[in-house]
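Here's a quick briefing to read alongside the model. Keep the viewer open as you go.

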Amino acid sequence: MISRRAIYSLLMLAALGVLSLLLAVTVGSVSMSLSELSMAVAGRGDPLFGELVFSLRLPRALAAFATGGLLALAGALMQVLLRNPLADPYVLGISGGAAVGALASMLLGLGTAMVSGSAFAGALLSTLLVFGLAQGRGSWTPTRLLLTGVVIAAGWGAVITFMLSLSPADRLPGMLYWLMGDLSYARSPWLAWLVLIPVLVVTLPLGRSLNVLARGPLQAAALGVAVKPLAWLVYGLASLLTAVAVTTAGSVGFVGLIVPHMLRLVLGNDQRLILPASVMAGGALLTIADTLARTMMAPEQLPVGVITALLGVPTFLFLLYRSR
Amino acid sequence: MPPARLLCRCLPLLAVMLWLGSGLARAQVCVTDDTDRQVCLDQPATRVIALSPGATELVFAAGAGEQLVGAVSFSDYPPAAKKLPRVGSYNRLDLEAILALKPDLIVAWQSGNPMEQVERLQTMGVPVYHSEPRRFDDISTTLERLAVLAGTEAVGQGAADSLRSGMDSLRQRYAEAAPVIVFYQVWEEPLMTVNNAHLISEAIEICGGVNVFGELAALAPKISREAVLAKDPEVIIAGGMGEDDPSWLEPWKQFASLRAVQSGNLFFVAPSTLQRPTPQMLAGTRTLCSHLDTVRARD
C-alpha cells in the first residue's frame, strides 16, 4: 500500500504546482497589485490587465507546467526502463529526432502544424531506430540500448548542425529559438495537457510492474512481468511525451534528467510515487523557471533553459551530497 | 445675448464641427507592407513601437519619432532613440511590456522577430506593419508608407525623395565608370560576405563595382579565405565590430599575392552606414563610391 508519507509528499508537490501557477499569473514585467489581479479575473477593471492575465500569462504558465511534467515523466520512465541514471529523452536521441523533423519542415518553410507533425514523426522514427537497432539479432540489454541511443543522438546532432549551416539567414533565428527551447514561442498548451493526463493515468497502474522491472528484466520475467511488451509500451509512451513537449516549447533540456533523480533522492525509488511526483515537480520547476526567465531582467527575456539549470544544478548537487 | 439663444445659434456650427471631427476620426489610412498584407488604421498612429534598431531608425526618418513609445535593445540611432522605453530585444520580445505601452501600431522586422510572438500581438488586435526592405527603393517606399500610417506624410515623403534622388545621382555618375572587382566582408568569424540580392551588393553596383561573390546562392554566404585568394578582388571593403574599427582588414595584409593588398586597396566603411537598411545607407554608399574612385585612380 502507498504510505501516508507518500500521500503527504504528493499533496505537498501538488500545492507547490498550484503555487507556481499562481506565481506565474501574478508576476510579470508589468506589475499588477493583487486587487487589480482579482478585478482582472472577475472581468472588470483595466482591460489591459485582463489581456495580460488571460492571453499572455495563463496560456504560457499552463504550457510551461505541462511541458515540465511531460519531460520529467518521460525521464522517469526511461530511467526505470534502462536502469541507468543517465537515461533521458535527450541522451537517447528522441528529442534529437524531434528536432531534426521540426527543423527540416522549417527549412522547407512549412506551417506550424506541419512543424509539430514532423517533430512527432522524427521522435517516433528515432524511437524505432534505437529500439530496432539495439535489439539486433539477439535480445537487447540496457547498456546496448543506451549506447545505441547515445550514438543516434550524436548522429542527429550532426544533422542539426548541417541543416543550420545550410539554412538561409531569415529562417535561422526561428530555428535557433526552437533549438534553445523557449516558452515565449509556446503554441497552445492544450495538446500538451491532452497527452500528459491520459499518459499519467495509463502509467499509474504500471507502477508495480515497473518497480519489478527496475530490478532487472530476468527477475521481472521470473516474477511474471511480460518484459518485452512492457518495455515497448514504456519506450513508446516516453517518446510520445517527449515529442509533445518538444513541439510545445522546443528542446528544453535538463528537466527530464534532474527532476526524477531529485525525487528519488528524497522519496525513494517507488515508481507508483515517483511517476506522479515527477509530473508535479517537473511542471512546478519549469513554471517557476519560466516566470523568472521573463521577469528577472525584464524587459530583457532570458531563455528558460538558463534558469532551469541555474536552479536545478545546485539543488541536485546538494541532495546528492547529502544522500551519501 | 441670453445663453439659450447663443446655444441655438451655435448649435448648427457645433453639429458641423462634430460631424467633421467624426469624419476625420473615421478617415481610415491603409498601406501595403513588405509581406503584401494590408495594414489599416482608423486614424494615424500616435503610439508606435518598433521591433528592430533599423525599424526605429526608419520610423524616425519618416518623421514619426515623436509618436514612438517603445523600442528594442540596441536601438541607438538617432540619439533620441536611446531614451525610448525598452520592450526586450529583437529576438526575444517582452509582450507584456509591449501591451502595457498600449501601441496602436507595431513596426516588425519580418525575418528577425519571432513570428509566433508577432502573430500573438496581431491576434490581440494590435496592427502590425511587417518591414523587410531588400532594395534601396524599398527603403524609400517604407518611409512613405510609415509616414502615411503616422500622418507625417510631408516629412516622410521628403526623406523618401531625397534618398531616391541621392541614389539616382550616384547611379548616373557611376553608370559609365570602369568596373572594379569588390570583395565586401560583412563579418569576421565566420568570414561572411553578401550575394547580389543584398542591399550592400546594390550599393557596390551603384558605385560601378562588381561583387566578386554576387552569384553565390545564400544571401550572406560563409566563405573561406582561400576562396577570396582564388577570386583575387581588386579591393577589399570591410565593416567591423564598431563605428571606427578597421581591424578586420589586418589579416588580409599577410597575403601579399592579393592585388588589393599590393596596391593598398583595403578600406573600412562604418557598418551603421552600410549594414542597416536605413536612409543612412546613402552616406555609406557615397563613402563606398569614393573608395572605388581611389582604386580607379591608383590603376
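The notes below cover the cores, the chain contacts and one helix residue.

This is a predicted model, where local features need pLDDT of at least 70, side-chain atom pairs count only at pLDDT 80 or more, and totals for chains, interfaces and linings use all residues. Residues are numbered from 1 along each chain as its sequence is written, while chains are lettered from A and ligands numbered from 1 in the order in which they are written.

**Cores**
- The largest nonpolar core (buried Ala, Val, Leu, Ile, Met, Phe, Trp, Tyr and Cys joined through C-beta atoms within 7 Å) holds 92 residues.
- Its largest share, 17 residues, comes from helix 3 (residues 47-82) of chain A; helices here are DSSP runs of H or I, at least four residues, numbered from the N terminus.
- Leu241(A) is among the residues with the most contacts inside this core, and touches Leu70(A) and Leu73(A), among others.

**Where the chains meet**
- Chain B puts 23 residues in contact (C-beta atoms, placed from the backbone, within 7 Å) with 20 residues of chain A.
- Helix 3 of chain B gives the most to that side of chain B, with five residues.

**Ile160(A)**
- You'll find Ile160(A) in helix 6 (residues 142-166) of chain A.
- Ile160(A) counts as partly exposed because it has 18 C-beta neighbours inside 10 Å; buried takes 20 or more other C-beta atoms within 10 Å, exposed 12 or fewer, and partly exposed is in between.
- Beyond four places in sequence, Ile160(A) contacts Ala99(A), Val100(A) and Leu103(A).

Note on methods. Helix = DSSP H or I, 4+ residues; strand = E, 2+ residues; numbered from the N terminus. Contact = placed C-beta atoms within 7 Å.
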